[in-house]
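Reader: I have a new model open on my screen and would like to learn how to read it. Could you walk me through it, one feature at a time?

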Amino acid sequence: MILAIAVATCVSTVLGGVFALHLRDRLHLILGFSAGAVVAVAFFDLIPEAIELGEGFYDPSFLLSVTALGFLIYLVLDRLLLMHSHAGEEPGLHQHRGITGAGTLSLHSFLDGMGIGLAFQVSTAVGIVVAVAVLAHDFADGINTVNFITKNNGSRRLAARWLAVDAAAPVLGIITTLFFTLPAAHLAVLLSLFAGFFLYIGASDLIPESHHAHPAFLTTAMTILGAGVLYVVIKIAGV
């Protein structure tokens with residue numbers, strides 16, 4: 001199953017990139033849904049699971065501090081490496097800025113893949129829930145990868161190349177986790193860390209980006225829908 005999910009992450013990223021090239025007017029709706037999905041997984045799945053796994057090893061306050069650390073680590077990576085360029089910025093930026101952004105998104109996708117693999121080490125149910133959120137996020141990643149290149153004077157061919165890199169990244173992340181198994185105490189810390197990653201992705205990246213050019217009620221509704229869908233998936237999975 002995990003290999004099938006790895007392939008699905010690749011396909012989701014590619015579809016997002018194709019969507020970005022041909023259907024720009026609906027990007028805000030997809031980004032809004034993705035934002036709700038990844039935030040919901042952090043709150044309703046990863047954090048509770050980390051606290052449960054860490055019982056007897058760590059206080060919940062320590063694991064929540066690790067979540068905050070994950071949020072801040074992603075913030076630093078974002079500010080130092082990603083160098084956001086939004087849709088409203090002036091054209092004519094250096095092409096290397098787009099490449100840096102696309103490369104960092106690929107690193108993010110690799111970490112997403114590791115998140116799926118580690119979640120499956122907890123249980124199949126947790127793995128499936130995390131995979132659903134990552135699939136939504138990877139679709140958005142494909143969109144953003146193409147946008148980083150094309151908005152910074154990159155060609156469609158260059159955008160396609162970086163889309164391929166980004167699509168392969170979560171697959172490699174998942175495969176990496178097949179070569180080691182972590183004890184519950186270590187998994188608890190890593191799940192807390194990834195919860196922080198997901199919270200940053202949703203709250204500080206996808207939500208603002210989805211509203212940047214379309215501050216509409218429908219976008220907000222899609223974010224709530226994304227959170228609601230993942231909440232239902234988590235409950236059905238019995239996580």
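Author: Gladly, and let's begin with a cut-off: a residue is buried under 20% relative accessible area, exposed over 50%, and partly exposed in between. Keep in mind that this is a predicted model. Take L178 as a trial case: its relative accessible area is 47%, so L178 is partly exposed.

Reader: Where does L178 sit, and which residues form a nonpolar patch with it?

Author: L178 lies in the loop between α6 (156–177) and α7. On the surface, L178 joins L3, L172, I175 and F179 in a nonpolar patch, and together these residues have about 520 Å² of accessible area.

Reader: Let me step back to the overall fold. How many helices and strands does the chain have?

Author: The chain has eight helices and zero strands. Reading from the N terminus, the order is α-α-α-α-α-α-α-α.

Reader: And how much of the chain is buried?

Author: Of its 239 residues, 49% are buried. The chain exposes about 10,500 Å², and 71% of that comes from carbon and sulfur atoms. Another useful number concerns contacts with a separation of 6 or more: 85% of them link residues 24 or more positions apart.

Reader: How do I read the inside of a helical fold like this?

Author: Look for nonpolar cores, which are sets of buried nonpolar residues joined through their side chains. The largest one here has 44 residues, and V41, L46, I116, V130 and F198 touch the most other members. At least two residues of this core come from each of α1 (2–22), α2 (27–53), α3 (60–82), α4 (95–122), α5 (124–150), α7 (184–212) and α8 (217–237). The largest share, eleven residues, is supplied by α7.

Reader: Which residues are in contact with I116, leaving aside its neighbours in sequence?

Author: Beyond four places in sequence, I116 is in contact with I5, T9, V130, A131, V134 and I174. There is also a second, separate core of five residues, with V146, L158, A159 and L163 among them.

Reader: Tell me about V146. Is V146 buried or exposed?

Author: V146, in helix α5, has 0% relative accessibility and therefore counts as buried. Although V146 and L163 are 17 residues apart in sequence, their C-alpha atoms are 6.6 Å apart in space.

Reader: How would I check the geometry of a helix, say α6?

Author: Compare the expected span with the one in the model. At 1.5 Å a residue, the 22 residues of α6 should span 32 Å, and the end C-alpha atoms are 33 Å apart, which agrees.

Reader: Which residues of α6 are buried?

Author: First, the general idea: an α-helix has 3.6 residues a turn, so residues three or four places apart point the same way. In α6, the buried residues are L158, A159, L163, D166, A167, A169, P170, G173, I174 and T177.

Reader: T177 caught my eye in that list. What does T177 touch?

Author: T177 belongs to helix α6 and counts as buried because its relative accessibility is 4%. Beyond four places in sequence, T177 touches M114, G117, L118 and Q121.

Reader: What does V14 touch, and how far apart are V14 and A167?

Author: V14 is in helix α1, and with a relative accessible area of 33% it is partly exposed. Leaving out residues up to four places away in sequence, V14 touches L163 and A167. V14 and A167 are 153 residues apart along the sequence, yet 6.2 Å apart from C-alpha to C-alpha.

Reader: One last case, please: which residues does V122 touch?

Author: V122, in helix α4, touches E49, L53, L187 and L191, not counting residues up to four places away in sequence. For V122 and L191, 69 residues apart along the chain, the C-alpha atoms are separated by 9.6 Å.

Methods
Residues numbered from 1 in each chain as written. Predicted model: local features only at pLDDT ≥ 70, side-chain atom pairs only at ≥ 80, totals over all residues. Heavy atoms only, no water. Core = buried A, V, L, I, M, F, W, Y, C linked by side-chain atoms within 4.5 Å. Buried < 20%, exposed > 50% of the residue type's maximum accessible area, 1.4 Å probe, protein only. Helix = DSSP H or I, 4+ residues; strand = E, 2+ residues; numbered from the N terminus. Contact = heavy atoms within 4.5 Å. Patch = residues over 30% accessible without salt bridge, like charges linked within 9 Å, V, L, I, M, F, W, Y side chains within 5 Å. Areas by Shrake-Rupley, 256 points an atom, 1.4 Å probe, with all protein chains shown as cover. Salt bridge = Lys/Arg side-chain N within 4 Å of Asp/Glu carboxyl O. Expected span 1.5 Å × (residues − 1).
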